[in-house]
Structures are given as structure tokens and as C-alpha cells.
Amino acid sequence: MATLRIAADADAVAEAAADRVAALVRATPAAVLGLPTGDTPLGLYRRLCARHAAGTIDLSRVRCFNLDEYHPIAADDPQSYHAYMRRELFDHVTVAAWRLPDGVAPLAQVDAACSAYEDAIAAAGGIDLQILGIGRTGHLGFNEPGASADSRTHRVELHTMTRSDAALRFGGLAAVPTHALTMGMGTILAARRILVLVTGAAKAGIVARALRGAIDPAVPASLLQTHPAVELLLDPAAAAALS
Ligand code: PGA
């Protein structure tokens with residue numbers, strides 16, 4: 001059963017998330033983090049940068065693996081998740097290692113690149129804390145509706161709603177990549193602990209389906225109900241449809 005915490009607002013969600021990361025690295029300095037991109041974690045990353053600058057958090061031994069990356073996309077493309085992670089976090093804090101799925105792997109080598117990503121996570125000892133958002137489709141990472149519960153890192157076609165949610169950032173729908181590489185649902189659910197951050201009224205419906213609805217691959221986030229150590233941090237708007 002997931003632990004649910006409704007914070008006062010989106011800032012309080014970000015503050016609580018930063019507290020969770022801080023507590024983890026105090027207890028386990030070489031922790032392995034699974035990290036998301038998107039709008040929701042920006043407040044968390046700002047706080048981690050600020051705490052690092054203030055010397056109140058030490059991330060220097062942490063290893064980080066991101067959930068997903070568009071495919072194909074160059075690492076230095078400003079819309080790549082690689083560039084996002086540099087901009088929002090890794091240009092400002094020092095960690096021991098960070099990695100995303102390989103956005104430039106040639107098609108013929110995608111399977112090998114995805115296996116190598118899984119191998120790297122395993123070699124690091126597995127993910128201690130996977131931080132996640134939830135997309136309006138119910139996706140986790142880019143595991144769109146229908147994703148199988150035991151999938152590992154693989155290439156996926158993006159849902160139309162996911163692409164249209166990204167269109168503004170890309171300057172139009174036509175520029176949004178059609179495919180991506182993502183940790184699979186099995187990769188995500190293998191994390192020892194999962195922290196889910198959700199803010200805003202646009203997510204209220206999918207949060208209710210994920211938490212209160214049936215466990216169903218049509219709503220990938222509902223598979224979180226099968227994990228023994230999930231905490232959800234919501235703002236009141238995202239929690240509005242929970243009874
Ligand atoms: P968002 O994305 O934080 O930009 O809303 C969440 C997600 O798609 O998982």
C-alpha cells in the first residue's frame with residue numbers, strides 16, 4: 001500500500017522530495033538514484049542545487065540513472081533530457097556518475113544499448129530510490145498504456161497525448177520525436193523505494209485512476225500499487241479527485 005502525503009502546494013512537494021533525497025544520502029552516501037525529467041521535478045532539482053551550494057547536502061558519491069530519453073536525439077540538443085539534466089542539476093552539483101539511455105544509439109544497436117543500460121544499473125547495485133512523475137496518459141517514464149509489467153529498458157513509440165504535452169517545448173508537435181528509450185516497468189518496479197511527485201489539476205484524474213482504480217497495464221501508474229515501498233507526494237490540486 002502506497003504512502004500518500006498531500007503537501008500544502010507544489011513548493012512543499014519539492015521541499016519534501018528534497019528532504020527524502022537528503023535523508024537517503026545521509027544514510028547511504030553512495031546511493032543509486034533513478035531520476036525523472038519534465039516540469040514536476042524542477043523544484044526538487046532547484047532545491048538540490050541550493051542545498052549543494054549551501055553545503056547542506058553531499059551528493060558526491062551518488063550514482064544517477066535517468067528514466068528515459070528521446071530517440072533519436074543528440075545529447076547537446078537543448079530539448080534532450082541529457083541537456084535538461086545538465087541544465088537543471090549536473091552543471092551545478094557534483095555526483096559520482098550520471099547516465100541516461102543512449103539517445104543516439106543507431107537503430108540496429110538500440111537493443112544492445114538498452115541491455116547495457118540495464119547492466120549498468122545492476123552493476124551499480126540496483127536503484128535505491130526511483131523518483132517519478134506521472135504523465136496524463138498514466139505513463140511512468142515513457143511506459144505508455146499497455147506497457148508490460150516486466151519490461152526492461154527498451155525503445156517505445158510515444159503516445160499522441162505525451163507528444164502534444166511536449167509540443168510547446170519543441171516549438172510545435174511536428175518537431176517532437178515520435179520515439180524514445182525508457183526504463184521498462186520492470187526496471188522501475190525493481191527499485192527498492194519509489195517516490196512519486198505529482199502536482200496540478202491536470203493530473204487529478206489520472207492520479208485517482210492510478211491509486212484507486214484496478215491494477216491494469218492500460219494505466220501503467222496503477223502498477224505502483226504492486227510495489228511494497230511507494231510514497232506519493234501530491235499537491236492539493238493533484239489530489240482533488242481522491243475520495
Ligand atoms: P511533467 O511530466 O512533470 O512534465 O508533467 C510528468 C511525466 O510525463 O511523467
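This is a guided tour of a predicted model, stop by stop, with a selection to make at each one.

**The ligand**

Start with the ligand and show the residues around it: Gly 38, Asp 39, Thr 40, Gly 133, Ile 134, Gly 135, His 139 and Lys 203. The ligand occupies the largest pocket. Three distances are worth displaying here. Select Thr 40 and draw the line from a side-chain N or O atom to an oxygen atom of the ligand, which is 2.4 Å. Do likewise for His 139, where an N or O atom of the side chain is 2.6 Å from a ligand oxygen. At Asp 39 the partner is in the backbone: a polar backbone atom there is 2.9 Å from an oxygen atom of the ligand. Taken on its own, the ligand has 280 Å² of accessible area, and the protein covers 77% of that.

**Ser 151**

Next, select Ser 151, in the loop that runs between strand S6 (129-132) and strand S7 (154-157). Is Ser 151 buried or exposed? Its relative accessibility is 14%, so Ser 151 counts as buried, the cut-off being under 20%. Show the side chain and look for two backbone partners. One is the backbone oxygen of Ser 148, 2.9 Å from a polar atom of the Ser 151 side chain. The other is the backbone nitrogen of Met 185, at 3.0 Å from a polar atom of that side chain. Now expand the selection to contacts, leaving out neighbours within four places in sequence: Asn 143, Gly 184, Met 185, Gly 186 and Thr 187 appear around Ser 151.

**Arg 192**

Move along the chain to Arg 192, in the loop between helix H6 (185-189) and strand S9 (193-198). Arg 192 counts as partly exposed because its relative accessibility is 45%. Which side chain makes a polar contact with the side chain of Arg 192? Select Asp 128, whose side chain is the partner, at 2.9 Å. Asp 128 also belongs to the set in contact with Arg 192 once neighbours within four places are set aside; that set is Gly 125, Gly 126, Ile 127, Asp 128, His 227 and Ala 229. For a sense of scale, add Met 161: its C-alpha atom is 30 Å from that of Arg 192, with the two positions 31 residues apart along the chain.

**Helix H3 and the loop before it**

Select helix H3, residues 81-90, and colour its buried residues, which are Tyr 81, Ala 83, Tyr 84, Met 85, Leu 89 and Phe 90. Then bring in the elements that cover these residues, among them strand S2 (32-35), helix H2 (42-54), strand S3 (63-66), strand S4 (68-70) and strand S5 (97-99).

From there, step back to Pro 72, in the loop between S4 and H3. Look at the peptide bond from His 71 to Pro 72: it is cis, with omega near -5 degrees. Most peptide bonds are trans.

**Pro 29 and Ala 8**

Go next to Pro 29, found in the loop between H1 and S2. Pro 29 has a relative accessible area of 35% and is therefore partly exposed. Apart from neighbours within four places in sequence, Pro 29 is in contact with Arg 61 and Val 62. Add Ile 188 to the view: Pro 29 and Ile 188 are 159 residues apart in sequence, and their C-alpha atoms are 21 Å apart.

The last stop is Ala 8, in the loop between strand S1 (3-6) and helix H1 (10-27). With 65% relative accessibility, Ala 8 counts as exposed. To finish, select Leu 24 as well and draw the C-alpha to C-alpha line from Ala 8: the distance is 23 Å, for a separation of 16 residues in sequence.

Notes: Residues are numbered from 1 along each chain as its sequence is written. This is a predicted model: local features need pLDDT of at least 70, side-chain atom pairs count only at pLDDT 80 or more; totals for chains, interfaces and linings use all residues. Side-chain values use heavy atoms; hydrogens and water are left out. Helices (H or I, at least four residues) and strands (E, at least two) are DSSP runs, numbered from the N terminus. Buried means under 20% relative accessible area, exposed over 50%, partly exposed in between (1.4 Å probe, protein chains only). A polar contact is a pair of N or O atoms within 3.5 Å; within protein, one must be able to donate a hydrogen and the other to accept it, and residues adjacent in sequence count only if both atoms are side-chain atoms. Contact means heavy atoms within 4.5 Å. A residue is near a molecule or strand if one of its heavy atoms lies within 4 Å of it. Accessible areas come from the Shrake-Rupley method with a 1.4 Å probe; for residues, only the protein chains shown count as cover. On a 1 Å grid over the protein atoms alone, a cavity is a set of points where a 1.4 Å probe fits but cannot get out, and a pocket is an open set with protein on both sides within 12 Å along at least five of seven lines; lining residues have an atom within 4 Å of a point. A molecule sits in a cavity or pocket if more than half of its atoms lie within 2 Å of its grid points.
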